[in-house]
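Welcome! Here is a short guided tour for anyone meeting this structure for the first time. Take a moment to look it over, then read on.

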Amino acid sequence: MAEGRQEEAVALLLEAIRLASGFAEAHVSLAEIYAIRRDYAAAWRHARAAQQAGDPRAVELLARYGAE
């Protein structure tokens with residue numbers, strides 16, 4: 001993602017959660033990407049999935065910055 005290959009990163013992260021829906025780190029990364037893109041519905045969906053998997057970081061981030 002840092003190398004400007006965001007679409008490839010999204011595709012790989014989506015495949016990772018397809019294979020392991022509870023992969024919290026992948027959900028956190030997707031939430032961050034979607035928040036940057038201002039797709040807040042998708043960001044929140046992945047943030048909540050990460051939280052359910054035990055990682056609240058994305059929910060905290062989105063709440064802190066008032067992402068709706």
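## How the last helix packs

In this predicted model, the buried residues of helix H4 pack against helices H2 and H3. Those buried residues include Ala-58, Val-59 and Leu-62. They span an arc of only 100° around the axis, so they sit on the same side of H4.

Now turn to the pairing of H3 with H4. Helix H3 covers residues 40–52 and helix H4 covers residues 57–64; they pack at an angle of about 140°, and their axes are 7 Å apart. Angles over 145 degrees would count as roughly antiparallel, and H3 and H4 are therefore described as oblique to each other. On the H3 side, the contact is made by Ala-43, Trp-44, Ala-47, Arg-48 and Gln-51, while H4 brings Ala-58, Val-59, Leu-62 and Ala-63. By type, the residues of this contact are seven nonpolar, one polar and one charged.

Ala-47 is a good place to zoom in. Setting aside neighbours within four places in sequence, Ala-47 touches Ala-58, Val-59 and Leu-62, and also Ala-31.

## The nonpolar core

Which residues have the most contacts inside the largest nonpolar core? They are Leu-30, Tyr-34, Trp-44, Ala-47 and Leu-62, in a core of 19 residues. At least two residues of this core come from each of H1 (6–19), H2 (24–36), H3 and H4. H2 gives the largest share, with seven residues. In soluble globular proteins, nonpolar side chains tend to be buried together.

## Two residues to compare

Is His-27 buried or exposed? His-27, which is placed in helix H2, counts as buried because its relative accessibility is 6%, and buried means under 20%. Beyond its neighbours within four places in sequence, His-27 is in contact with Ile-17, Ser-21, His-46, Ala-49 and Ala-50.

Arg-38, by contrast, is exposed, with a relative accessible area of 66%. You will find Arg-38 in the loop between H2 and H3.

Arg-38 also appears in the small table below, which lists backbone phi values.

| Residue | Place | Phi |
|---|---|---|
| Arg-38 | loop between H2 and H3 | positive, about 65° |
| Gly-66 | following H4 | positive, near 65° |

Arg-38 has its positive phi although it is not a glycine, whereas Gly-66, which follows H4, has a positive phi as well.

Definitions and conventions
Residues are numbered from 1 along each chain as its sequence is written. This is a predicted model: local features need pLDDT of at least 70, side-chain atom pairs count only at pLDDT 80 or more; totals for chains, interfaces and linings use all residues. Side-chain values use heavy atoms; hydrogens and water are left out. Axes are lines fitted to C-alpha atoms, for helices over the stretch in contact, and angles run from 0 to 180 degrees between N-to-C directions. Helices (H or I, at least four residues) and strands (E, at least two) are DSSP runs, numbered from the N terminus. Angles under 35 degrees count as roughly parallel, over 145 as roughly antiparallel, 65 to 115 as roughly perpendicular and the rest as oblique. Contact means heavy atoms within 4.5 Å. Ala, Val, Leu, Ile, Met, Phe, Trp, Tyr, Cys and Pro count as nonpolar, Asp, Glu, Lys and Arg as charged, and the others, Gly among them, as polar. A nonpolar core is a set of buried Ala, Val, Leu, Ile, Met, Phe, Trp, Tyr and Cys residues joined through side-chain atoms within 4.5 Å. Buried means under 20% relative accessible area, exposed over 50%, partly exposed in between (1.4 Å probe, protein chains only). The arc is that of the directions from the helix axis to the C-beta atoms.
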